[in-house]
Amino acid sequence: MDSITQIILGASVGEAVCGKRAGNKALLWGAIAGTIPDLDVLSGPFVDLVDELYYHRGITHSFLFAVIVSPILGYLLHRIYKKDKTTFKDWTLLFFFGFTTHALLDSFTTWGTKLFYPFSDYGVAFHTIFVVDPLYTVPFLICLITVMFYPKTDKRRRLWNYAGLTISTAYLLFTVINKFIVDEVFEKSMQAQNINYIRYSTKPTPFNSLLWNVTAETDKGYYIGYYSLLDSDTQVDFNFFPKNHELLNPYLHHKKLQTLLEITTGYFTVEKNNDTLLINDLRFGQLDGWGKGQEGFTFVYIIEPVNGNLQFSQKPNDIKKARGLIGDLFNRVIGKKI
């Protein structure tokens with residue numbers, strides 16, 4: 001999830017763990033605990049694109065990281081606040097639950113979170129919530145701000161905090177239920193249109209959990225379609241994108257390319273532009289042209305052969321064009337088909 005959401009979750013967890021003894025210090029350090037796992041992005045300037053993508057949501061999001069680092073930071077805070085009523089156990093649990101709830105929430109998004117790293121490289125991804133969802137974050141934030149205005153021993157402080165945790169968790173459960181509903185709709189629609197898919201992946205579109213996208217893989221390509229829970233019917237219009245995976249055959253022996261393809265979990269198409277190859281990561285949908293089946297995927301990786309090696313970069317997105325499509329997205333969410 002986005003940084004603001006993780007800060008809110010971490011602060012709320014900190015309050016739940018030791019807010020009665022630490023007051024607003026629990027909110028502060030909980031917010032910091034909710035931020036620490038995302039510090040893996042600081043490695044960006046020191047590694048190439050593929051390594052940056054590979055290590056994102058890696059060790060700092062693992063259970064092992066929480067187990068090892070939490071008592072170290074807990075001990076430091078216990079020394080800093082040794083005159084308080086808080087204990088080493090309080091601060092250790094604050095960091096442990098701050099780290100683990102951060103990683104578990106990320107697991108409900110699309111990218112993939114390596115909870116069991118380094119024992120497993122598998123990225124856990126439930127694909128039920130977009131990385132930025134105001135309906136998850138805003139009510140949670142309102143409850144947390146209210147918490148700050150009550151003394152640490154006031155029961156209303158804990159009630160507001162638990163209200164925020166309950167509402168956000170209930171919304172997360174709501175997204176899981178939605179996924180089961182839309183999966184059934186997509187399956188029936190593909191069956192009705194004789195689309196013989198090998199596998200498929202569904203995920204919500206930006207900023208909501210009502211409009212969903214499906215990417216269904218076949219032998220020759222991928223069918224992509226959209227369905228809103230507010231649609232008046234369950235007919236899904238699909239657009240086809242050829243794989244063109246054979247364009248990569250001369251370079252499949254390169255380890256970096258193999259790693260990049262593993263990161264996409266196999267959901268990718270390839271385009272050729274002169275001597276340059278483009279890999280479209282289909283997991284995150286299209287930034288523009290999504291409603292009309294045009295290309296313009298959010299994550300596009302550029303591969304350039306140079307002296308027998310491959311250079312990797314990421315194609316920048318046209319944010320201005322994306323902003324212009326917000327209206328189309330909203331209309332599609334409420335059931336108006338493009």
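Which residues lie nearest the centre of the second largest pocket? Trp111, Gly123, Ile263, Thr265 and Arg283 do, out of 24 that line this pocket. A pocket here is an open set of points on a 1 Å grid over the protein atoms alone, where a 1.4 Å probe fits, with protein on both sides within 12 Å along at least five of seven lines; lining residues have an atom within 4 Å of a point. The model is predicted, so to speak of local features takes pLDDT of at least 70, side-chain atom pairs count only at pLDDT 80 or more, and totals for chains, interfaces and linings use all residues. Residues are numbered from 1 along each chain, and side-chain values use heavy atoms, with hydrogens and water left out.

The second largest pocket holds about 510 Å³ (the space filled by probe spheres set on the points, joined across faces, edges and corners). β1 gives the most to its lining, with four residues, and α8 supplies at least two. Helices (H or I, at least four residues) and strands (E, at least two) are DSSP runs, numbered from the N terminus.

Ile263 also belongs to the buried set of α8 (residues 255-263), along with Leu257, Leu260 and Leu261. These sit on the same side of α8, because they cover an arc of only 155° around the axis, taken from the directions from the helix axis to the C-beta atoms. Lys255 and Glu262, on the other side, are exposed. Buried means under 20% relative accessible area and exposed over 50% (1.4 Å probe, protein chains only). Just after α8, Thr265 takes a positive phi of about 55°.
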